[in-house]
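Me: I should like to learn how to read the features of a protein model. Please take me through them in order.

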Amino acid sequence: MAAHFTRHPASTSEADEMSAKDHMVWRLESGRRARPIIVVVLFFEDDVSWEAFTAWHESLCAAMPRLRGRVAPGRRPGERPRWVPDENFSLLHHLQRVAVEGKGTRRDVFDAAEVLAEVPFPQGRSPWNGYLLSGLEGGRTGYVLKISHSIADGIRLREIFLRQAVAETAAHSSGTPAAEGPWQVISPMPAAEVPPPRTEQPVPPSPHGRRLLKAARFLGRATLDMLDLPHPVPEAGGQFRRHFFTTTVPLPPVKQLATASGGTVHDALVAAVTEGCCRYNTHHGVRRHRMRVFSPYGRPPRATAHDSRSQGNHWFIVRFAVRAELPDLPARIRAVRRAVRDSYHPDSADWMGAIARLCPLVPRALFEAVFLRLCATHEFVVSNMPGPTVAASVNGHRVGEIYAIAPTLGSAVTVTLMSYQDTCHIAVNVDPTVIPDSHLVAHHICQAVRELADPAAPRAPGSGKTGR
C-alpha cells in the first residue's frame, strides 16, 4: 500500500530563535568531526505498519514544531539563527523504510544504525530522520531516530518523544484518555540532593568578581587538562565514524546498591564506567590516577524545576574528576557522589553556557578544533535518562527495548543509560578513529556495568565483543 504523506501548514508564524547552546551545537554540526547527533533505537515486539509509523510522526511533528521547520539566518548582524516554518515540509523527506541485513539480530540493527548515523542531513530541511527497520528475527520491527542536538536535548526528546507512547498505553489500559504528563521527570540529582549553602561563610566578593574568579579557575584547570589527554584528539577534518555497543541490567539491584552506598543510579553508572575504563587502561599498561568525567544534567542548580520549554537545549554540564583506583563498588559510588556535590551546587557556574555565548565570536573551524580538544580531556561522557516505568506502545504496537545513544563530541567514549520499566538499557558509543580496539573498551565498560546488579559475577574474557 502506498504511503500517505501530508504537508502541514505552520502552527505558528512566529520565528523560534536559537538559544546560545542551540547555536553552538548547530555550528558544530556543520563541521566534519564533532557531529552532535542523538540516535534513539527502539525494538517493537511485533510488525509495525508503515501507516502506523507515519501517523505517529504526524503527532510528533505537531508536538515539536522544529521537526517541521528549517533554520534561517538571523535577520540582523550578530543575531542568532532561528527556526521558521518550512512551507514545503513533508514526512516523505524524513521517513524511510530500511531492510536490515543479516539474520535480523540486535547486532544487525545496531550495525545499520551506525551506517545511518554517518549520513549527513540534507541542507535546507529540519535535521532529523526516522527509519522503520524490517526483517528482524521473531517478527519484530526496529526503529532508528537520528536527530540533531540543535532541535532538542535528551531531556526534551524523552519528554516529548516517549510521552505519547506512555500516554497511549495508559489510555488503552484504562479506556479513558491519559492525564497530561504521565511521564515522571527525574533529574540525575534531584533538588533535595543539592546541598544547601553554608550558613557561616566569609562575605563573598561581588557577583561580578566571583564570576571572574570562577572563570579564571576554570580556564586554569582546562588549560592544564589539555596538556594531559587520556586519548588523542580527533582530527577536525577526519572521517565521522562511530561504533555502538549495548548491554542491559535490571534496575532494582542497581538502585539498591546506589542507595546503600549513599549515591544515585547516575553515581553508580559513573562509578562502573570509571572501573571499566581503568580495566581497559590496565590491559594496555596505562595508569591514570584520576578520571575526568563530562556529564549533562537536566537543569541548572539554581532552577527549582525543569525548563518547561519542549524544544532546544537547556542542559547543565557537570565536569569533575574521580579517583581511578578504589577498593570496591560502594567506595567508588561514594567518591563519585562527593565529586558531583563539589561540582554541582547552587553556586555552580554554567561554563558551557559561557562557551556557547563566545562561540559566534570565533571562526567555526577554530572553535571546532578547540571544542574537540576540550572534550578530549575527559575519559568519557555519561548520561542517565530515566524512562517510563510502565510499558509503552505506539499506535497499539508495544515497545520492548529503548536505547538512547548520545554523541561523543570529541571524547572517545559516551555511555548512556535509558531505563525502561525495570531494566537499564545501556548504550556505549565509541569513536574507532581514536580507540581502534573499540570492542575491548566497550567490553570492559559493559562488564563493569553488569557488576552493579551482580557484584560477585565473574569477569568474562577481555577479548569478547559485548553487544556487538
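The dialogue below treats salt bridges, a surface patch, backbone angles and some single residues in turn.

Me: What kind of model is this, and how are its residues numbered?

Reply: This is a predicted model, in which local features need pLDDT of at least 70, side-chain atom pairs count only at pLDDT 80 or more, and totals for chains, interfaces and linings use all residues. Residues are numbered from 1 along each chain as its sequence is written, and side-chain values use heavy atoms, with hydrogens and water left out.

Me: How should I read a salt bridge, and how many salt bridges does the whole structure hold?

Reply: Side chains of opposite charge can pair when their charged atoms come close. The term requires a side-chain nitrogen of Lys or Arg within 4 Å of a carboxyl oxygen of Asp or Glu. By this rule, a search of the whole structure finds 19 salt bridges. One pair is R66 with D22, whose closest N and O atoms are 3.3 Å apart. This pair links distant parts of the chain, 44 residues apart: R66 is in the loop between α2 (50-63) and β3 (69-72), and D22 is in helix α1 (residues 20-29). Helices (H or I, at least four residues) and strands (E, at least two) are DSSP runs, numbered from the N terminus.

Me: Are R66 and D22 buried or exposed?

Reply: Buried means under 20% relative accessible area, exposed means over 50%, and partly exposed lies in between (1.4 Å probe, protein chains only). R66 counts as buried because its relative accessibility is 4%. D22 is buried as well, with a relative accessible area of 2%.

Me: Which residue forms a salt bridge with E45?

Reply: The partner of E45 is R398, and the closest N and O atoms of the two are 3.8 Å apart. E45 lies in the loop between β2 (37-44) and α2, while R398 lies in strand β13, so the pair ties together parts that are 353 residues apart in sequence. E45 is partly exposed, at 46% relative accessible area, and R398 is partly exposed, at 39%.

Me: Which residues are joined into one network by salt bridges that share partners?

Reply: Let us begin with one pair. R279 forms a salt bridge with E451, with the closest N and O atoms 2.8 Å apart. Because R279 lies in helix α7 (residues 265-283) and E451 in helix α11 (residues 438-453), the pair ties together parts that are 172 residues apart in sequence. Both R279 and E451 are buried. Salt bridges that share partners join E275, R279, R332 and E451 into one network.

Me: How is a patch of charge on the surface recognised, and which residues gather in the positive one?

Reply: A patch is made of residues with over 30% relative accessible area and no salt bridge; like charges are joined within 9 Å, and nonpolar side chains (Val, Leu, Ile, Met, Phe, Trp, Tyr) within 5 Å. Lys and Arg count as positive and Asp and Glu as negative, whereas His and the chain ends are not counted. The place of a charge is taken as NZ of Lys, CZ of Arg, CG of Asp or CD of Glu. Here, R290, R323, R334 and R338 gather in a patch of positive charge on the surface. Of these, R323 is found in strand β10 (residues 316-323), and its 48% relative accessibility makes R323 partly exposed.

Me: What should I know about the angle phi, and what is the phi of L409?

Reply: Most residues other than glycine have a negative phi. L409, which is not a glycine, has a positive phi near 55 degrees. L409 lies in the loop between β13 (397-405) and β14 (413-420) and is buried, with a relative accessible area of 15%. Q421 also has a positive phi, of about 55 degrees, although Q421 is not a glycine. Q421 is placed in the loop between β14 and β15 (423-430) and is partly exposed, at 27% relative accessible area.

Me: Which backbone oxygen does the side chain of H314 reach?

Reply: A polar contact is a pair of N or O atoms within 3.5 Å; within protein, one must be able to donate a hydrogen and the other to accept it, and residues adjacent in sequence count only if both atoms are side-chain atoms. The side chain of H314 reaches the backbone oxygen of Q311 at 2.8 Å. H314 lies in the loop between β9 (290-297) and β10, and at 12% relative accessibility H314 counts as buried.

Definitions and conventions:
Accessible areas come from the Shrake-Rupley method with a 1.4 Å probe; for residues, only the protein chains shown count as cover.
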